[in-house]
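Biologist: I would like a close look at one chain of this model, and at how that chain stands beside its partner. Please take me through the fold first and then through single residues, with the reasoning spelled out wherever a class is assigned.

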2 protein chains.
Amino acid sequence: MRGVDRVLQLLEVLHTAREPLRIGELARRLNAPRSTTYDLVNTLLAAGILETYEEESRVFFGRTLHFYASDYMNGHRLSRLARKEVQDLCAGTGQTSQYCALTRDKFTVLHMETGNAMFKISSDIGIALPLPWTASGRLLVDHMTADEILAFVPEEDFILPNGHRIDRATFCAEVAAARRDDFFSTKGLVDDFAECLAVPVRDAAGVAVGCMCLITVRDRDPDERGRYLDQLHASGERLSRALSIKAG
Amino acid sequence: MRGVDRVLQLLEVLHTAREPLRIGELARRLNAPRSTTYDLVNTLLAAGILETYEEESRVFFGRTLHFYASDYMNGHRLSRLARKEVQDLCAGTGQTSQYCALTRDKFTVLHMETGNAMFKISSDIGIALPLPWTASGRLLVDHMTADEILAFVPEEDFILPNGHRIDRATFCAEVAAARRDDFFSTKGLVDDFAECLAVPVRDAAGVAVGCMCLITVRDRDPDERGRYLDQLHASGERLSRALSIKAG
DNA sequence: GACAATTGTCCTATATACTGGACATATATC
DNA sequence: GATATATGTCCAGTATATAGGACAATTGTC
């Protein structure tokens, strides 16, 4: 197999593991010969793409990736604006705020600012989650027909972490509601005591390229929830406008 | 040439360019065959390591790198602590604050928070600069002997952006002073009107693994400068202590 | 202290990834 | 509209990168 593909696999394995791995373990998870793995890892270490951790015995992502990601943020206008909106929304509400988007057929958090409230964070930046698990998941596919949605979302993704299965027709109806309201919220999906509020960021064609989310405690005082919602909508609309200006 | 090495070169070329490039231009700068370049770029695009920019005609860093860098920050304790110190120092002083370290034989900024003052930022995250251009550059080599320093710093790095050449003996004397004072400052090196204050972050062996820096206007009110310095030193010492605890 | 499992390095043969060129389109220049 | 330059795709031969195993050194376990 090609070295480049092996490297890309290797990085994905580390991302999924979310912690430093020993090289032997890496080779096992990659189904790659140990000699090849050593060769590639040493090349990546020399480039700073990987670094050794914990007494040199394990490897994980390195400083060079931090540099490249900084370039990405400088060059990618929407991502930069979204990060600022997430920071401002968190500062304005004190609640955990996120910007999310599709990665292939999954939901991923791109930016997150953690608020005062102490939730167990179930989603981390870049971790792929099934679309039906999240409020944003409804908005992110709301440009598709019901058939397209069911073809797009893998069968097994309709099963929640708790084992309960979401009905496919129900999901499609929720997507339609999300499109109608430019908004969707879920209670107790990520966390029993959390409500997740999501609004879309739409491109000039009206497709939701991302979502602004706010995570707060369930059954909060309606006035306060209303204020949060206003700020959230304003945030999403600013980003949608910025996106259209760029396109137009 | 090996695909993996080509990919690493390709990423470095984009990092140096600091803007999206056309594929043809990429191939030229890499001295790589166009067919190979197309192949690699398409592979990297599919993986999200690269993305297309500006009407699909150019490529630059992609979202996946942002994810991996987020993993790096989660896993790398010192980098995470340093980022927080930079944020706090900037918040506490209102001045541009940085955490810097060696990358091979060059100076690089790892974290930066821009203050109120409007300097033209000459250094960006991950951009390699000659050590003699910076205050931190003195501290980062202060565990070396004069001979080691002169062997370590490339000849041409002693020439400043304005063309003036720094005397090598003077530089070594400045390094010695930096070691003695646990501090170094430069005036007008990056910017005519800026003073750069730097303190070391030392590991258990006393080697400066990084520097906290504060960039401020020259000839500032001595009291204010003194307050900045106190905060800067406190920051550096907290990081040094955190590093020793980890090691010890 | 013997045993087992892992780490890191080195080697050779062969499958294959890379090169270099040709080609059709597209885009810019005069 | 003719010329020049760039883009994106495809192909076949060969240089070479990868697989796979052997080896010594290290580490952990009972």
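Modeller: Contact here means that heavy atoms lie within 4.5 Å. With that cut-off in hand, and bearing in mind that this is a predicted model, we can begin with chain A, where, among contacts between residues at least 6 apart in sequence, 52% join residues at least 24 apart.

The chain that makes these contacts has nine helices and eight strands. Its radius of gyration is 20 Å, close to the 18 Å that the globule rule gives for 248 residues, so chain A is as compact as a globular protein of that length. Taken along the principal axes, the box that its C-alpha atoms fill is roughly 60 × 40 × 35 Å. Of the 248 residues of chain A, 51% count as buried, while the area that the chain exposes is about 11,300 Å², with carbon and sulfur atoms supplying 51% of it. As for charge, chain A carries 30 positive and 35 negative side chains, and the centres of these two sets lie 3 Å apart.

The partner can be placed next. Chain B is superposed on chain A by a rotation of 180° with 0.0 Å of shift along the axis, at an RMSD of 0.0 Å, and that is the relation of a two-fold axis. Within chain B, the C-alpha nearest this axis belongs to V4(B), at 2.6 Å from it. The same surface serves both copies, since 100% of the contact residues of chain B recur in chain A.

One residue of chain A that reaches across to the partner is A47(A), which is found in helix α3. Leaving aside neighbours within four places in sequence, A47(A) is in contact with T64(A) from its own chain and with L8(B) and R104(B) from the other. Its C-alpha atom is separated by 41 Å from that of L197(A), which lies 150 residues away along the chain.

In the interior of chain A, S136(A) lies in helix α6, which covers residues 135-140. Because buried means under 20% relative accessible area, S136(A), at 1% relative accessibility, counts as buried. Beyond its neighbours within four places in sequence, S136(A) is in contact with C100(A), F107(A), A198(A), C211(A) and C213(A).

Two loop residues of chain A deserve attention for their backbone. N31(A), in the loop between α2 (23-30) and α3 (34-47), has a phi near 55°, a positive value in a residue other than glycine. D182(A), in the loop between α8 (168-181) and β6 (184-187), is likewise not a glycine, yet its phi is positive at about 55°. As for cover, N31(A) is exposed, with a relative accessible area of 67%, whereas D182(A) is partly exposed at 33%.

Chain B offers further places to examine. L50(B) is in strand β1, residues 50-53, and at 1% relative accessibility it counts as buried. Not counting residues up to four places away in sequence, L50(B) touches L10(B), L11(B), L14(B), V41(B), L44(B), L45(B), F60(B), F61(B) and G62(B). With F61(B), which is 11 residues away along the chain, the C-alpha separation is 4.4 Å.

E85(B), found in helix α5 (residues 77-93), is a charged residue that is nonetheless buried, with a relative accessible area of 9%. Outside its neighbours within four places in sequence, E85(B) is in contact with M212(B), S235(B), R238(B) and L239(B).

Lastly, M1(B) sits in the segment before α1 (3-17) and is exposed, with a relative accessible area of 67%. M1(B) touches R6(B) and Q9(B), not counting residues up to four places away in sequence, and its C-alpha is 8.9 Å from that of A32(B), 31 residues away in sequence.

Notes. Residues are numbered from 1 along each chain as its sequence is written. Chains are lettered from A and ligands numbered from 1 in the order in which they are written. This is a predicted model: local features need pLDDT of at least 70, side-chain atom pairs count only at pLDDT 80 or more; totals for chains, interfaces and linings use all residues. Side-chain values use heavy atoms; hydrogens and water are left out. Copies are superposed by least squares on the C-alpha atoms of residues with pLDDT of at least 70 in both. Helices (H or I, at least four residues) and strands (E, at least two) are DSSP runs, numbered from the N terminus. The radius of gyration is taken over C-alpha atoms; the globule rule is 2.2 Å times the number of residues to the power 0.38. Buried means under 20% relative accessible area, exposed over 50%, partly exposed in between (1.4 Å probe, protein chains only). Accessible areas come from the Shrake-Rupley method with a 1.4 Å probe; for residues, only the protein chains shown count as cover. Lys and Arg count as positive and Asp and Glu as negative; His and the chain ends are not counted. The place of a charge is taken as NZ of Lys, CZ of Arg, CG of Asp or CD of Glu.
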